[in-house]
Amino acid sequence: MLFGLSGNAQSLNAGWLPTINYNIGLKRGWKINGKLESRFNFQSPIYGLTDLQVGAAVKTRPNQSFSAAYLMRHEESLLSHRFIQQYTLVNKFRSLSFGQRFRADQTLNSSNQTFRLRYRMTFIL
């Protein structure tokens, strides 16, 4: 279980995120993974959402991987489907790791369709 606390100028939210993860390593650099997670708030409404995610990843080079996943989200009375594609690149230097993640996802539900491109950069000393 994970306790979360987030806030901004308008509101403060606290709750807990019970999560079940699985990761299975396969031959030739392949992995499959999955996650079941629910979000509960300490204030009303108590129930937030539930995510079910399954995916696969392959290491294309020692420092690169590609993954794809499907996420189904139940939030209030809305069911959403998200398709995720991700490319990860990690360069290791003597005392520094530099990681980059490029992600595209498409979310579909009965009232909306969204497409996102995301980039994340990390440095580890």
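I began with the cut-offs: a residue is buried under 20% relative accessible area, exposed over 50%, and partly exposed in between. I also noted that this is a predicted model.

**Entry 1, Ser65.** I looked up Ser65, which lies in strand β6. Its relative accessible area is 21%, so I put Ser65 down as partly exposed. I then listed its contacts, leaving aside neighbours within four places in sequence. Ser65 touches Val58, Lys59 and Thr60, and also Gln86, Tyr87 and Thr88. I checked one of these partners by C-alpha position: Ser65 and Tyr87 are 22 residues apart along the chain, and their C-alpha atoms are separated by 5.9 Å.

**Entry 2, Ser97.** Is Ser97 buried or exposed? With a relative accessible area of 19%, Ser97 falls under the 20% cut-off and therefore counts as buried. I found Ser97 in strand β8. Leaving aside neighbours within four places in sequence, I wrote down Asn91, Lys92, Thr122, Phe123 and Ile124 as the contacts of Ser97.

**Entry 3, β8 and β9.** I next followed strand β8, residues 97–108, to its partner β9, residues 113–124. How many bridges join β8 to β9? I recorded 12 bridges, and the two strands run antiparallel. The connection from β8 to β9 is a hairpin through 4 residues. I noted Leu108 opposite Gln113, which belongs to β9.

**Entry 4, positive phi.** I looked for residues other than glycine with a positive phi. Arg28 has a phi near 60°. I placed Arg28 in the loop between β3 and β4. Arg28 has a relative accessible area of 80%, over the 50% cut-off, so I marked Arg28 as exposed. Glu76 also is not a glycine, and I noted a positive phi of about 55° for Glu76. Where is Glu76 found? I traced Glu76 to the loop between β6, residues 64–75, and β7, residues 78–92. Glu76 counts as exposed because its relative accessibility is 66%.

**Entry 5, a nonpolar patch.** I turned to the surface and noted a nonpolar patch of about 520 Å². Which residues make this patch? I listed Tyr22, Ile24, Leu26, Trp30, Ile32 and Val54. Strands β3 (19–25) and β4 (30–41) each supply at least two residues of the nonpolar patch. I took Tyr22 as one of the patch residues to look up. Tyr22 sits in strand β3. Its relative accessibility is 38%, so Tyr22 counts as partly exposed. I kept a general point beside this entry: in a regular strand the side chains alternate between the two faces of the sheet.

**Entry 6, the whole chain.** I finished with the protein chain as a whole. I counted 0 helices and 9 strands. Read from the N terminus, the order of elements is β-β-β-β-β-β-β-β-β. The C-alpha trace spans about 50 × 30 × 25 Å along its principal axes. The chain has 125 residues, and buried residues make up 25% of them. For contacts between residues at least 6 apart in sequence, I noted that 26% join residues at least 24 apart. The accessible surface of the chain comes to about 9,200 Å², and 59% of this surface belongs to carbon and sulfur atoms.

Definitions and conventions:
Residues numbered from 1 in each chain as written. Predicted model: local features only at pLDDT ≥ 70, side-chain atom pairs only at ≥ 80, totals over all residues. Heavy atoms only, no water. Patch = residues over 30% accessible without salt bridge, like charges linked within 9 Å, V, L, I, M, F, W, Y side chains within 5 Å. Areas by Shrake-Rupley, 256 points an atom, 1.4 Å probe, with all protein chains shown as cover. Salt bridge = Lys/Arg side-chain N within 4 Å of Asp/Glu carboxyl O. Buried < 20%, exposed > 50% of the residue type's maximum accessible area, 1.4 Å probe, protein only. Pairing = 2+ DSSP bridges. Contact = heavy atoms within 4.5 Å.
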